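Biologist: I would like to learn how to read a model like this one. Can we take it feature by feature?

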Amino acid sequence: MSSWSAASPGPGDQAWNESQFSIPAGYGEDRIVLLVKDPWWLYAYWEVQPSTERAARGQLLPQDIPGLQSVLRIYDVTGIDFPAQPAHRSFDIGLSGLATNWYIQTNAPGREFIVELGLLTAGGRFLLLVRSNRVMAPWFGPSDIIDENWLTTDEDYWKLFGPAAGIGVGSSPSAWAKLAPQHLFSPGWSSGSLWAPNRPAAIKGFWCRVNTDLIIHGATEPRSTVVVQGQSVAVRKDGSFSLRLALPEGTQAVTIDVTSPDGRSSRTVTPVITLAWTGALSPDGAKPNPQRSDMPRPQDLTPGSLP
Amino acid sequence: MSEPQGFLALVLHTHLPFVRHPEHADFLEERWLFEAITETYLPLVERFERLANDGVPFRITMSFTPTLLAMLADPVLQARYIRHLDKLIELSAKEIDRTRWLPPFHRLALFYHHRFTAARQRYVDTYRQDLIRPFRQLAERGCLEPIASCATHGFLPLMDVVPSAARAQIRIGVEAFEHAFGRRPIGFWLPECGYHPGHDRYLKEMGVRYFLTDAHGVLFGSPRPKYGVYAPAICPSGVAAFGRDLESSKSVWSAEEGYPGDSEYREFYRDIGFDLEYDYVRPYLNGDGTRLNTGIKYYRITGKTNDKQPYDPDRALEKASEHAGNFMFNRQRQIEFLRAAMNRAPIIISPYDSELFGHWWFEGPEWLELLIRKVHFDQQQFSLITPSEYFQRYPTNQVLEPSMSSWGNGGYNDVWLNGANDWIYRHLHHMAEQMTQAAKAHAQPDPLTRRALNQMGRELCLAQSSDWAFILKTQTHTGYAYRRLHDHMARFTRLDDSLRQRRIDEGWLSELESKDNLFPFLDYRVYAEGS
């Protein structure tokens, strides 16, 4: 979650409040924009003003009204000066009146497209509302065009394709068709996910974790020294001190030495703490991590011996 | 030494979106930068410097996005990073005490405390808070080839309908690079490897010699590439495209088969920010008190189990060494094979996100250093190279037009164009057109109008970051991504309205300039030039 819960301070102009800006649904234009999603799919978004649609409807005869439908007409205009020249082919997608965008399956890698939004009468008359930009869906697969200065045989091409695509050597056209989508385009971690990571799916089933921390706290004359098990502990200005320790199973004798500021008086106290566990946290009876039997016991640890 | 049989180009793409909120004392998403500095940028710099000081010749290519460069140079974020680090040092010191009776954890607490303390010392004393300088110095020593990227990581294939916007992303990116590195970039990282045929022309205009694409960008190019991705493809504009090698990429990137998933490596998802008692860690959480990753992590991946074992840095290092050796061995075999098939020395392009090393794959920087050492000392079959050095050796290459492509899931535009984020393009395209119109309408603006136009350019760029679309898709931090899109649209729209009404609120403009303060050099006329 973002920490953006508190509203940012408003801009200098009292009349304008950034947080109250609402992203508009449209911009009062007649427009359709076509984008490529991948070799097989396009995406279009559009906006048509009611006045434009009314003007188009004005051209209709009364008998055209029943069955009138908004459609997207997709033209294959590969290598063609459209609309001056006719398209290679076209197909329609019927729309509900509310749609303002659509994913269009063309299944035609390497072809160029233009889309028109219009009204289609039951009699087949098409009234254009807006026409899109031209896009080209990327070709999917090795190009059929060979440069004679850089001649390559199918065999040589596939030899180098295998390792490049991460599917090993000796691949063939039939192998890559199956393997390429799986290997070529699944990097595992995609860029950006590094900062917006999804936590992995939790291991199924009920679980719990229990840990024990021990807090030793006290107070003495300010500027006294406090040493717990040979290691000094910070004493606050008011003379209080505290120390938090993860507590493993077993018995700990905690020697606490307190010495007065002038070094003349001292006290030693040794609380002895015993922690014993019964029960188990996981189905196989394992104890929680800090109490694992394969871990060294506290007494194995010599202070200061660690890196 | 005999002539190498082939070459390996390691390319690290270094990027973070611009996240800077001086209006808040404490801001969760600013931690992306702080974590990246501690876990990735400092460790990489340290290792590269050590290699250079040890006289190990190496070549590595690194892109730096302008948004990241702006944040690294920003005094507000620099001061906040030190504050962040001080809190971590404090927490790790408490952990040394707390883990006294648990040796494997105690050892790790000391390990982290030392790491954070050393990071602070390097950041403050050695680099004087300027992390761009050591990278620049590595470039001057000839080890590092820094390359440029788009202004705000705009995803260009979906910007093609407003060519001036795509072109401006590239031009501003090149300019930001020049400010940071004091030279023109030779290479360019297209964000997300997003290539749309024709955009190489904009790179050409800026004097860029090469860019990187995903494997199929070159493999599916036309005419058919004789050498696959193992030699550059020269675009019709004359700029070279180097295609990614997926065999080498997979061994690092793949979540399942890749090295980073090894059971000895540190587990990313077990962090004391989530594991320890709430009141104890509360002072180290953000303002709203939601648990988060502190960076102190005590467990190793262990396996597909919740019962994680304590992390052992020594065993992890051994594993990193083993994996570096394995990577080198596989490249030797690959180069042997390719050399025979091509009858020329191949170049293998292995691009990764920099932040993978250290942030996600904790041992990644060690792996990289060990790999570089092994490549130099343990074999002679191949050597490291930068793309630009490769075409010094092989100046003649095949001309072809690469295919539209990206390195996102699916290989095309799906990640940035789907049901979760497609609504943004209507607005981004509209803004880009308004920007172009405004730029053309104001040939001789007065100083205040000029400032407003420049700020419009900044707001447009910030809205165009591919990161927002990506985050909307992944459904984490979506509130933040939405808010950023919203706010940059709001600021842009009001600036545009102010220009039309010839009524600019200077106080508000100044506030925007200090908030979204990146690219002080930005000149709005970049949107008026060309087509």
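Modeller: We will go through confidence, strand pairing, one residue and a pair of domains.

Biologist: Where do I start?

Modeller: Start with confidence, as this is a predicted model. Chain A has an average pLDDT of 82. At least 70 is reached by 74% of its residues.

Biologist: Over which residues of chain A is the pLDDT below 50?

Modeller: Residues 1-13 of chain A are one such stretch. The model still gives this stretch 32 contacts beyond near neighbours in sequence. Residues 289-307 of chain A also stay under 50. For that second stretch, the model has 25 contacts beyond four places in sequence.

Biologist: Now strands. Which strand is joined to β3 of chain A by eight bridges?

Modeller: Look for the partner and the direction. Strand β6 (residues 112-120) of chain A is joined that way to β3 (residues 69-76) of chain A. The two run antiparallel. To find the register, pick a facing pair: Y75(A) is opposite I114(A) in β6(A).

Biologist: How many bridges join β3(A) to β4 of chain A?

Modeller: Six, and this pairing is antiparallel too. Strand β4 covers residues 89-94 of chain A. Here V71(A) faces G94(A).

Biologist: Let me try a single residue. Why does F21(A) count as partly exposed?

Modeller: Count C-beta neighbours. F21(A) has 15 inside 10 Å, so it counts as partly exposed. A residue is called buried at 20 or more and exposed at 12 or fewer.

Biologist: Where does F21(A) sit, and what does it touch?

Modeller: F21(A) lies in the segment before β1 (31-38) of chain A. Leaving out residues up to four places away in sequence, F21(A) touches H486(B), A490(B) and T493(B).

Biologist: What domains does the assignment give for chain B?

Modeller: Domain 1 is 1-71 + 134-263 + 313-416, and domain 2 is 417-527. Note that domain 1 is written in several pieces. Taken over C-alpha atoms, the centres of these two domains of chain B are 29 Å apart.

Biologist: How many residues of the two domains of chain B are in contact?

Modeller: Contact involves 31 residues of domain 1 and 25 residues of domain 2. On the domain 1 side of chain B, the elements giving two or more residues are α2 (66-72) and α6 (163-181). The most come from α6(B), with nine residues.

Biologist: And what is the makeup of that domain 1 side of chain B?

Modeller: Sort by residue class. The domain 1 side that touches domain 2 of chain B has 17 nonpolar, eight polar and six charged residues.

Definitions and conventions
Residues numbered from 1 in each chain as written. Chains lettered and ligands numbered in written order. Predicted model: local features only at pLDDT ≥ 70, side-chain atom pairs only at ≥ 80, totals over all residues. Helix = DSSP H or I, 4+ residues; strand = E, 2+ residues; numbered from the N terminus. Contact = placed C-beta atoms within 7 Å. Pairing = 2+ DSSP bridges. pLDDT = per-residue confidence, 0-100. Domains from an automatic or database assignment. Nonpolar A, V, L, I, M, F, W, Y, C, P; charged D, E, K, R; others polar.
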